[in-house]
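I opened the file to go through its helices, strands and backbone oddities. These are my notes, in the order I looked things up.

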Amino acid sequence: ENVDPQKTAFLLRKAWTLYSVTPLYRFHRARLRDYARLLSAFIAAEKQKGLAVEVGVELDVKVVVSSLADLRGSEQDQAAVLVQLSLRSQASSRNSEDKLVWSGWFCSVYGDDLSENVPEDFTCLPLFLTHGAESYTSMVGSWFQKTFDCCFRRLAISPLNLSWMVAMWAGCKLDRAASAVELVFSVPRLSQPLDISYAIHPEDAKALWDTIQKTPGEITQEEVDVFMDCLYAHFHRHFKIHLSAAKLVKISTAVVSAHCDGIVKILQSQYLPGALMLLTELAISQIQ
Amino acid sequence: MDETVAEYIRRTVLKMPRDEIKTMLQKWGFLSEAQLQTLNFHQIKDNISQEVVQLCEENSADIKQAAVLDIIYNHIYQNKRMWSVYQMKKSGEEVDYFDITDFKKKFKRRLRSALKNVTITFKEYEDNAIWIRVAWGTPYKKPNQYKPSYVVYHSQTPYVFISASVLKSNMPLLCQALIVASNYHDIREMELRSHSLNSLKDIVFKRYSQNFHTYYPKPLQGENVEPESADIRIVQENRSEKERIHRLNWEVFGGGPQPKLEFAQYKLETMFKSDPKLGVLDKKEPFRCLVKFSSPHLLESLKSLAPAGMADAPLSPLLTCIPHKARNYFKIREKKGLLPESFVSP
């Protein structure tokens, strides 16, 4: 679990779009260079077919596929696989600094539930995270689907799971500049749409959670429910509105922020493994 | 014609939707009808604006005229800006006769005595609104025409609506000039902000339908009391509850349209109270929260909360007081003493 913060720095403070991925058939870690070449050719062909990403200037898309050995939970987990797309200008070779335009990585952090039950030829990396234009995501996804007979699905995060995240990370140790614990609700079925942002001072949210959590390092559903009920009750006392009947769409803490459409931002490296573990679990339940 | 003026006019015209350029230029009145006829409005805006600049060149436009065109644009697209409301106070009961010329003179004099480089432009509208545009410079730099402040003053009222530029440091000077020019002695910012200038006016001028605690009209024949179509599964019990909610809503909000606000913000510094059985947080310190409600039409959406089953009726006074307290920013603290459940809003 000792993840080198240097190597994973690029993961932090970026908004990642989440997908669940079914196991990859006959994926060979020794062939990463080959895969990069094939994916690059695929993208070039797609662009020629007219599914151009960049209008106008013809830019070469360079593909790099690499292994992130440290990014895993247990020894059973497969190491993460990172795919990066850069644009290299064909024009001048002088100023040829490649511009990174899209990143996507497959990972599994304590995904034993899935990997235990899968035949040998399959590689389990159930969580896929992307950052960059949707058109690139679509091309990379298509290639992987064709090549490894896998299936991608957007990973939605339910209000139940969002409240787990709030509870889990509201109690984290805070540094001086910690941001508020924020819950964003959307109220459906009204004549005019209404959004409610409920932000709690991080010290006060932590103080509340600390009195609820019985065992450090362990969280129960009951504790999460009590935490949320307390927040709902405080809100109701003032506004007479039943927040529990509204849709929780986004949460933000000093550690992680997450949106119900499956978009996540991880802000601190020490909580990266914990966050990935939770997300891997969500991905696996969506697959099964 | 000054290059910077030409560029400013060009950019102002570019902001306008193509099919509205002609109307705005006519309202401006700086170019003659004959000149306007020569303009081809069926080309791309870039070209239209170039032609307009050419005509302005012929008439030797200066920054003063360009500023008027800018006011016209912003008057029509006032809802693109965020407006704050300020209230002025008089020391005595005297009702001064308002002299527009005197007002303008004093305003300009006060501003210019403090800051040499300012562009000040006035335009009066039919509803007694005086629009003032101020472009700010420094002792060493000419005014920045692209970040002006706009002030809307209805002379028969103590209210001023200001859409400030980013340079907040000019606010004290602007406020001073306003009270000097209008013969008031003090001005304070109200906790009321919105993009909808008309709604802000509705609220402070009390032009919206207000609550009537004593009179609830019987629904007219055929008038649909229940917003959704009648469901045969709704029994008498639910029906009377629906009617109760509807009546309470009517008492609080009135029957007419609500002023259009986009948000309300509450800074809560109240105590956290919970069921002692839960055994949770029991601090003596406030539970600090910031709550923000947003909607394209906030008051209408709040009004529909109780009928939708999302809120208790009557709705909390913290929400229903928004129009008559003329504020949408609140700081809520616990009221000390006999009634621990009530809140104070300073």
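I started with a helix pair: α5(A) and α8(A) are roughly antiparallel to each other. I am working with a predicted model. The call rests on the axis angle, since over 145 degrees counts as roughly antiparallel, and these two axes cross at roughly 165°. I also read off the approach: the axes come within 12 Å. Helix α5 covers residues 159–170 of chain A. I checked the hand next, and α5(A) passes α8(A) in a right-handed crossing.

I then looked at α8(A) by itself. It has 16 residues, 272–287. From first C-alpha to last it reaches 22 Å, close to the 22 Å expected at 1.5 Å a residue. Which residues of α8(A) are buried? I found L272(A), P273(A), A275(A) and L276(A) among them. The list goes on with L278(A), L279(A), T280(A), L282(A), A283(A), I284(A) and Q286(A). I kept one rule in mind while reading it: an α-helix has 3.6 residues a turn, so residues three or four places apart point the same way.

**Strand β10 of chain A**

I moved on to β10(A), residues 194–200. Is this strand mostly covered or mostly open? I noted that six of its seven residues are buried. I traced its partners. Within chain A, β9 (residues 181–187) pairs with β10(A) in the antiparallel sense over seven bridges. V184(A) sits opposite S197(A) in this pairing. The two strands form a hairpin with six residues between them. In the turn I found R189(A) with a positive phi of about 60°.

The other partner I looked up belongs to chain B. There, β8 (residues 287–294) runs antiparallel to β10(A), and six bridges join them. I200(A) stands opposite C289(B) here.

**Sheet in chain B**

I listed the strand order of an open sheet of six strands: β2-β3-β4-β5-β1-β6, with antiparallel pairing. Its edges are β2 (118–124) and β6 (186–194), each pairing on one side only. Neighbouring strands are turned by 25° against each other on average, direction ignored. I zoomed in on one pair: β1(B), residues 83–89, runs antiparallel to β6(B), with six bridges. S84(B) faces R193(B) across it.

**Backbone checks**

I scanned for unusual torsions. Phi of R13(A) is near 55°, positive although the residue is not glycine. R13(A) is in the loop between α1 (5–8) and β1 (15–21) of chain A. At 55% relative accessibility, R13(A) counts as exposed. R26(A) also has a phi near 55°. I placed R26(A) in the loop between β2 (24–25) and α2 (32–48) of chain A. At 47%, R26(A) counts as partly exposed.

Where is the cis peptide bond? I found it between A313(B) and P314(B), with omega about 5°. P314(B) is in the loop between α10 (298–303) and α11 (317–320) of chain B.

**Domains**

I closed with the domain assignment. Chain A is given domain 1 (5–154) and domain 2 (159–260). Their C-alpha centres lie 33 Å apart. Chain B is given domain 1 (3–77), domain 2 (83–205) and domain 3 (243–333). Between domain 1 and domain 3 of chain B I noted 46 Å, centre to centre over C-alpha atoms.

Key
Residues numbered from 1 in each chain as written. Chains lettered and ligands numbered in written order. Predicted model: local features only at pLDDT ≥ 70, side-chain atom pairs only at ≥ 80, totals over all residues. Heavy atoms only, no water. Domains from an automatic or database assignment. Buried < 20%, exposed > 50% of the residue type's maximum accessible area, 1.4 Å probe, protein only. Helix = DSSP H or I, 4+ residues; strand = E, 2+ residues; numbered from the N terminus. Pairing = 2+ DSSP bridges. Expected span 1.5 Å × (residues − 1). Axes fitted to C-alpha atoms, helices over the stretch in contact; angles between N-to-C directions. Parallel < 35°, antiparallel > 145°, perpendicular 65-115°, else oblique. Left-handed = near helix turned anticlockwise from the far one by under 90°.
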